[in-house]
Amino acid sequence: MNLANLTFQSIRFLLVPFALLYGAIVWLRNRLYDNNVLKSTSVNMPIICVGNLSVGGTGKSPMVEYLLRLLKDEVNIATLSRGYKRKTKGYVLANESTNALEIGDEPMQFHLKFPDVVVAVGESRLEAIPQLLHDRPKTQAIILDDGFQHRAIKAGLNILLTDYNNLFTRDFFLPTGDLRDERSSYKRAEIIVVTKCPAALTEEERNEIKAEIKPLPHQQLFFSTIEYGVPYHILHPQQEYQLHKQLEVLLLTGIANIEPLKEHILSNSYTYERITFSDHHIFSIDDLKEVRKRFSKMDHETKIIITTEKDAVRLDKFKEELEDLPMFVLPIRHRILFNGEEQLKRSVIDFIQQFSTKNDKSQGTQKH
């Protein structure tokens with residue numbers, strides 16, 4: 001551990017009293033929901049919630065995309081996010097002219113990659129869902145992006161993500177750790193996915209993690225790894241670039257967890273430099289000037305700039321400034337390990353179909 005990390009960890013340890021206070025507030029809030037003092041509202045619609053117990057970096061956006069790929073040809077699916085760091089307020093439905101400033105970077109990413117999928121944002125999911133269904137009445141299921149701790153809506157299927165390198169079982173409340181919810185809240189999930197696992201995760205390691213998490217009888221446990229695709233030009237997606245060992249990379253990111261990306265770049269290039277911003281950073285023209293300056297100082301014969309898909313939607317407004325830069329976007333997706341993909345797909349589709357069947361029977365009974 002380097003000096004900077006050691007100092008950071010020391011500071012976090014000193015914040016234990018604040019973490020205990022935060023944990024007490026979270027505990028009280030959960031008990032109020034558990035005892036129906038605060039109400040959770042059920043919606044007459046299959047609601048799939050993708051979330052975690054910690055702040056950032058577990059791969060929620062790639063998991064939403066993974067589910068969209070699984071479901072978009074099966075049902076009329078929609079996504080609903082908060083729209084973090086957008087410049088608008090309230091409910092917004094994405095359309096042909098929407099940009100990242102209006103709906104946020106991650107929803108914009110969904111909108112660009114899945115143009116036939118309904119994408120909406122709203123701080124209050126409880127208020128946004130009826131508006132979404134009014135605007136898109138053919139919607140058959142909704143994916144709530146990052147909604148696990150927002151208990152005002154009761155999802156029918158909760159998919160909880162936890163990072164292999166920072167399992168919720170080993171974490172602590174903010175600001176000492178990364179937890180924003182109780183560890184015991186994992187019991188509310190129907191599906192748990194351990195994300196960012198090594199691709200060569202062994203059965204023994206899998207069983208050790210399962211024993212540590214202790215999934216309940218009704219819970220399914222899956223393991224996933226990150227797979228990176230071929231980088232494509234930020235302005236010309238048809239133009240691809242294969243990483244190679246004679247390449248120098250300038251890595252430009254504004255994401256929560258850069259470690260897996262760093263490892264991928266390191267193992268697939270000669271060397272790299274990086275410009276790192278905070279998660280959801282709104283890029284400015286001065287940032288682009290700094291990128292250009294840093295890139296010009298790199299003296300390797302073969303060099304490119306790599307950024308993430310999430311960052312790319314926030315850079316899209318600088319088309320003119322980016323035109324002459326070799327900036328490429330590195331796509332990312334989940335791959336379910338231990339041949340679990342079909343089981344996960346079946347579980348999600350069965351939930352939607354069973355909900356619809358149950359709803360049809362209920363409506364039929366009411367008509368009689």
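This passage describes helix packing, backbone geometry and selected residue environments in a predicted model.

Two packed helices are described by the angle between their axes and the distance between the axes. In the present model, the axes of helix α3, which spans residues 60-71, and helix α5, which spans residues 105-113, come within 11 Å and cross at roughly 25 degrees. Because angles under 35 degrees count as roughly parallel, α3 is described as roughly parallel to α5. The crossing of these two helices, α3 and α5, is right-handed. On the α3 side the contact is made by S61, V64, E65, L68 and R69, and on the α5 side by E106, Q109, F110 and K113. By residue class, the contact of α3 with α5 comprises four charged, three nonpolar and two polar residues.

Helix α6, formed by residues 125-135, contains R125, A128, I129 and L132 as buried residues. Viewed down the axis of α6, the buried residues fall within an arc of 105 degrees, and they therefore line one face of the helix. E127 and H134, by contrast, are exposed and lie on the other side of α6. The buried residues of α6 pack against a series of strands, namely β2 (47-52), β3 (77-81), β5 (118-121), β6 (141-145) and β7 (153-154). A further residue of helix α6 is L133, which is partly exposed, with a relative accessible area of 23%. When residues up to four places away in sequence are not counted, L133 touches M45, T139 and I142. Of these contacts, the one with M45 joins residues that are 88 residues apart in sequence, with a C-alpha to C-alpha separation of 9.6 Å in space.

Several features of the backbone were also examined. Most residues other than glycine have a negative phi, and most peptide bonds are trans. Against this background, the peptide bond from L174 to P175 is cis, with omega near 0 degrees, and P175 is placed in the loop that runs between β8 (157-163) and β9 (191-195). A positive phi in a residue other than glycine is found at D146, where the value is near 60 degrees; D146 belongs to the loop between β6 and β7. N339, which is likewise not a glycine, has a positive phi of about 55 degrees and is located in the loop between β16 (332-336) and α12 (341-367). With a relative accessible area of 78%, N339 is exposed.

Strand β16 includes I332, a residue that is partly exposed, with a relative accessible area of 23%. Leaving aside neighbours within four places in sequence, I332 is in contact with P62, E65, I226, E227, Y228 and E309. Among these partners, E65 also takes part in the contact that α3 makes with α5. The pair formed by I332 and R206 is 126 residues apart in sequence, and the two C-alpha atoms are 23 Å apart in space.

The final environment considered is that of F277, which lies in the loop between β13 (271-276) and α9 (285-297). Excluding residues up to four places away in sequence, F277 touches L252, T253, G254, I255, F283 and D287. For one of these partners, G254, the C-alpha atom is separated by 4.5 Å from the C-alpha atom of F277, although the two residues are 23 residues apart along the chain.

Conventions: Residues numbered from 1 in each chain as written. Predicted model: local features only at pLDDT ≥ 70, side-chain atom pairs only at ≥ 80, totals over all residues. Heavy atoms only, no water. Axes fitted to C-alpha atoms, helices over the stretch in contact; angles between N-to-C directions. Helix = DSSP H or I, 4+ residues; strand = E, 2+ residues; numbered from the N terminus. Parallel < 35°, antiparallel > 145°, perpendicular 65-115°, else oblique. Left-handed = near helix turned anticlockwise from the far one by under 90°. Contact = heavy atoms within 4.5 Å. Nonpolar A, V, L, I, M, F, W, Y, C, P; charged D, E, K, R; others polar. Buried < 20%, exposed > 50% of the residue type's maximum accessible area, 1.4 Å probe, protein only. Arc of directions from axis to C-beta.
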